[in-house]
Amino acid sequence: MGTKVKNMRMTHTKRSLINAFVNLVNEKDFEKITIADLTKGAQVNRATFYAHFNDKYEMLDYMIDDSASNVIEKRTLGVVEFDQDTINQLVLAVCDFHQQPKIQCRRSYLSLAPLLKEKMLIELKKYLVKSLDNICTDSEKSFYVPIYANIIHEAGYLWASGITPFDKEEIAKKASLLITGGKG
């Protein structure tokens, strides 16, 4: 079998497993989802599941990593810059990231929130390190990047949690002004 056909089949099967997971997580808590539940929902056997993932935790990691990087890519259009507009888009990316699982898997959202935060912070830090390459020294980046990433994440998370009275555009603007030192 050609490599392209094999890769398409693997991609289709992985997508089926992920869709089964999303459907299941709406019905039951993450901890109660079994491999049998996933394989039944995806209409594959256990061996097929294990050909793609070691366990449901690896599957969840894969889904979250992919989602975090994709939402940043989508909001920044793949452009790596450090300016007010880009920081604004990063906050909106965090809003999108936290809003999606809250809608799709309400039952498990609270138990998954710490993992979602961890994965998004990793992606934000990667982006910020690149965006500050020609602006800051390595020492400055090691100081600023974690602070900026946490501000960006917290702003988006506050909005997604409904904790702030601001709409997402307003909170994104306020956070980007805070980070870039602008006036609002």
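A residue is called buried when its relative accessible area is under 20%, exposed when that value is over 50%, and partly exposed in between. These words recur throughout the description of this structure, which is a predicted model.

Arg75 makes a good starting point: its relative accessibility is 24%, so it counts as partly exposed. Side chains of opposite charge can pair when their charged atoms come close. Arg75 takes part in such a pairing, a salt bridge with Asp96 in which the closest N and O atoms are 2.8 Å apart. Because Asp96 lies in helix α5 and Arg75 in helix α4, the pair ties together parts that are 21 residues apart in sequence. Asp96 also meets Lys168 in a salt bridge, with an N to O distance of 3.3 Å. Here the partner lies in helix α8, so Asp96 and Lys168 tie together parts that are 72 residues apart in sequence. Lys168 has a relative accessible area of 17% and is therefore buried. Taken together, Arg75, Asp96 and Lys168 are linked in a network of salt bridges.

The model has 6 salt bridges by the rule applied here. One of them joins the side chains of Asp138 and Lys141, at 3.4 Å from N to O. Both residues belong to helix α7, and because they are 3 residues apart they are separated by about one helical turn. Their surroundings can be compared with the same cut-offs: Asp138 is exposed because its relative accessible area is 59%, whereas Lys141, with 9%, is buried.

Helix α4, the home of Arg75, can be followed from end to end. At its start, a side-chain oxygen of Asp55 reaches to within 3.1 Å of the backbone nitrogen of Tyr57. The helix has 21 residues and reaches 30 Å from its first C-alpha to its last, close to the 30 Å expected at 1.5 Å a residue. Its buried residues include Met59, Leu60, Met63, Ile64 and Val71, along with Lys56 and Thr76. After α4 comes Leu77, whose phi is positive, near 55°.

Attention now turns to the interior. In soluble globular proteins, nonpolar side chains tend to be buried together. In this model the largest nonpolar core has 49 residues, and those with the most contacts inside it are Phe21, Met59 and Ile152. Several helices each supply at least two residues of this core: α1, α2, α4, α5, α6, α7 and α8. The largest share, 8 residues, comes from α5. Phe21 gives a closer view of the packing: leaving aside neighbours within four places in sequence, Phe21 is in contact with Phe30, Ile33, Leu38, Met59, Leu60 and Met63.

Not every buried residue is nonpolar. Ser176, placed in helix α8, has a relative accessible area of 1% and so is buried. Its side chain reaches the backbone oxygen of Lys173 at 2.9 Å. Beyond residues up to four places away in sequence, Ser176 touches Gln84, Ile87 and Asn88.

Finally, the cysteines deserve a look. A disulfide is a covalent bond between the sulfur atoms of two cysteines. A search of the whole structure finds 0 disulfides. Cys95 is buried because its relative accessibility is 0%, and Cys136, at 14%, counts as buried too.

Definitions and conventions:
Residues numbered from 1 in each chain as written. Predicted model: local features only at pLDDT ≥ 70, side-chain atom pairs only at ≥ 80, totals over all residues. Heavy atoms only, no water. Disulfide = S-S within 2.5 Å. Buried < 20%, exposed > 50% of the residue type's maximum accessible area, 1.4 Å probe, protein only. Core = buried A, V, L, I, M, F, W, Y, C linked by side-chain atoms within 4.5 Å. Helix = DSSP H or I, 4+ residues; strand = E, 2+ residues; numbered from the N terminus. Contact = heavy atoms within 4.5 Å. Polar contact = N/O pair within 3.5 Å; in protein donor to acceptor, adjacent residues only side chain to side chain. Salt bridge = Lys/Arg side-chain N within 4 Å of Asp/Glu carboxyl O. Expected span 1.5 Å × (residues − 1).
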